[in-house]
Amino acid sequence: MNAITPIRSTKKSKKNREEQSNWKITPELPQLEFHWKKGEDPVTREEVELFFNSKPIKKLKKEICSVGLRLWQKGFVDGNGGNITVRVGDNLVLCTPTLISKGAMKPKDICLVDMDGNQKAGIRPRTSEVMTHLAVMKRMPSAKSCVHAHPPHGTAFAIASIVPPTGVIPEADIFLGQIGLAKYETPGSPENAQVIGETAIDHQAVLMENHGVIVWGSHLEDAYWKMENVEAICQTVAVATIVSPEISAVGVEKAREMIAIREKLGMYDKRSKWADEELLLNDFYKKAKIINRR
């Protein structure tokens, strides 16, 4: 029998162990944005059907259904309310269908339209509000996905025609910037598309008077996150003003730091060019007072 030689552990000096532990990894962020080849959209009905049933598009359809379910579970949509879009070509956009609960959608329910709203694929009629999403995408090429919903606190601010203040919570200032307010127009109308599209140029999140909230992002998950961000800031501010009639803002210097972080993440913010006196001029609760920390 051959004897098995025991493995002897070698004692390493503290210095050697410190040298061996002096390393790190730098994982890359996952690429969630859908990319397509410019100028190579499918054109014929046969080409469009093949594209609509391709593996990448099937994956996106599942993800749209997942976001719809999350919106429904959080109470951000009710009945057949809300809609979701994802741009998948120069002239092609996936969208949710009309008259369906966002919590009960299946991948087979998702539709495909062109940038003029003409339906190109799908077994259900597309949402009438897709024109509003397309108005945003036409004006903002970086808007690859839009989500519209009716989150309770965000919608409460919308029907009160009040925009939550800036400079109070880092997450809101960094990931949303200044929230916009668009005047009421009939859902699905050209006028609604016009006013939302124009407001979305300077705002990634828009409160729609007497209606709800619409947000846009660089990909589907980004747009969904922003809907959560809107509801969070509106709910937090609403509760804060119950706790105290005075709420504090961070001050101009810290507000500029948040804007710088936002721009470093690749998100445009018109406030970076504002003068100090403009930066924290919040059009907010008439009964609430903002204290600017200096």
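Let me start with one pair of residues in this predicted model: L207 has V213, in strand β8, as its bridge partner. That pair belongs to a longer stretch of pairing, in which strand β7, residues 205-208, and strand β8, residues 212-217, run in the antiparallel sense and are joined over 4 bridges.

Now let us step back to the sheet. These strands are part of an open sheet of 8 strands, which has mixed pairing and follows the order β4-β3-β2-β1-β5-β8-β7-β6. At the edges stand β4, residues 119-121, and β6, residues 180-182, and because each has a single partner strand, one side of each is left without a neighbour in the sheet. From one strand to the next, the twist averages 25°.

Which helices meet this sheet? Helix α4, residues 130-139, lies across β1, β2, β3, β5 and β8, and runs at about 40° to β1. Helix α7, residues 190-199, also packs on the sheet, where it touches β6, β7 and β8, and its direction makes about 165° with that of β6.

Finally, the cysteines. A disulfide, as a reminder, is a covalent bond between the sulfur atoms of two cysteines. How many disulfides does the model have? The count comes to 0. For C65, the closest cysteine sulfur is in C111, and at 11 Å it is too far for a bond. C111 is in no disulfide either, since its nearest cysteine sulfur, that of C95, is 4.7 Å away, whereas a disulfide requires the sulfur atoms to be within 2.5 Å. As for their surroundings, C65 counts as buried at 10% relative accessibility, and C111 is buried with a relative accessible area of 0%.

Technical notes
Residues numbered from 1 in each chain as written. Predicted model: local features only at pLDDT ≥ 70, side-chain atom pairs only at ≥ 80, totals over all residues. Heavy atoms only, no water. Pairing = 2+ DSSP bridges. Helix = DSSP H or I, 4+ residues; strand = E, 2+ residues; numbered from the N terminus. Axes fitted to C-alpha atoms, helices over the stretch in contact; angles between N-to-C directions. Contact = heavy atoms within 4.5 Å. Buried < 20%, exposed > 50% of the residue type's maximum accessible area, 1.4 Å probe, protein only.
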